[in-house]
Amino acid sequence: MHLFETEEGDKWVCVSCGQEQAELIEEKKWEFIFDKDNPMLRCSICGQGDYEIED
Ligand SMILES: [Zn+2]
């Protein structure tokens, strides 16, 4: 999960949204902070995690 600093605060963005929304992220000038591997994190764009969690 990528963490970006945005005008609305820090946002997590999953790997697939990071690729799909690359233009939007650049356009909005979101600043990349760091990556974190944590299956509990949820993407602020699609609401999903980086990984499927199986019960
Ligand atoms: Zn996403």
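The four donor atoms around the zinc ion subtend angles of 105 to 114°, and the site is accordingly described as tetrahedral. In this predicted model, the ion is coordinated at 2.3 Å by the SG atoms of Cys14, Cys17, Cys43 and Cys46. Along the chain, these donors follow the spacing C-x2-C-x25-C-x2-C. The site thereby links distant parts of the chain, with Cys14 in the loop between strand S2 and helix H1 (15–20) and Cys43 in the segment after strand S3, 29 residues apart. Cys14 has a relative accessible area of 2% and is therefore buried, and Cys43, at 4% relative accessibility, counts as buried as well.

The strand pairing was examined next, with S1 as the point of reference. Strand S1 and strand S2, the latter spanning residues 9–13, pair in the antiparallel sense over five bridges, and a hairpin of two residues joins S1 to S2. Within this pairing, His2 stands opposite Val13 in S2. S1 also pairs with S3 in the antiparallel sense, here over four bridges, and Glu5 stands opposite Glu31 of S3 in this arrangement. S1 is mostly covered, in that four of its five residues are buried. In a regular strand, the side chains alternate between the two faces of the sheet.

His2, which is found in strand S1, was considered in terms of its surroundings. The side chain of His2 makes a polar contact of 2.2 Å with the side chain of Asp35. When neighbours within four places in sequence are left aside, the residues in contact with His2 are Lys11, Trp12, Val13, Cys14, Val15, Gly18, Phe32, Phe34 and Asp35. Among these contacts is thus Cys14, which is also one of the residues that coordinate the zinc ion; Val13, likewise in contact with His2, is the residue that His2 stands opposite in S2.

The aromatic residues were then analysed as ring pairs, a pair being described by the distance of the centres and the angle of the planes. The structure holds three aromatic pairs. In the pair of Phe4 and Trp30, the ring centres are 6.3 Å apart and the planes stand at 50°, so the pair is classed as tilted. Because Phe4 lies in strand S1 (residues 2–6) and Trp30 in the loop between helix H2 (22–27) and strand S3 (31–35), this pair ties together parts that are 26 residues apart in sequence. Both Phe4 and Trp30 are buried. For Phe4 and Phe32, the centres lie 5.7 Å apart and the planes are at 65°, so this pair is edge-to-face. The pair of Phe4 in strand S1 and Phe32 in strand S3 also links distant parts of the chain, the two residues being 28 residues apart.

The two partners in this edge-to-face pair differ in their exposure: Phe4 counts as buried because its relative accessibility is 8%, whereas Phe32, at 43% relative accessibility, counts as partly exposed. Taken together, ring pairs link Phe4, Trp30 and Phe32 into a cluster. Phe32 is, in addition, one of the residues in contact with His2, and the strands that carry Phe4 and Phe32, S1 and S3, are those that pair in the antiparallel sense over four bridges.

Notes. Residues numbered from 1 in each chain as written. Predicted model: local features only at pLDDT ≥ 70, side-chain atom pairs only at ≥ 80, totals over all residues. Heavy atoms only, no water. Phe/Tyr/Trp six-rings, centres within 6.5 Å; stacked < 30°, edge-to-face > 60°. Buried < 20%, exposed > 50% of the residue type's maximum accessible area, 1.4 Å probe, protein only. Pairing = 2+ DSSP bridges. Donors = N, O, S within 2.8 Å, 3.2 Å for Na, K, Ca; no water. Tetrahedral: all angles 85-135°; square planar, octahedral: opposite > 155°, others 65-115°. Polar contact = N/O pair within 3.5 Å; in protein donor to acceptor, adjacent residues only side chain to side chain. Contact = heavy atoms within 4.5 Å.
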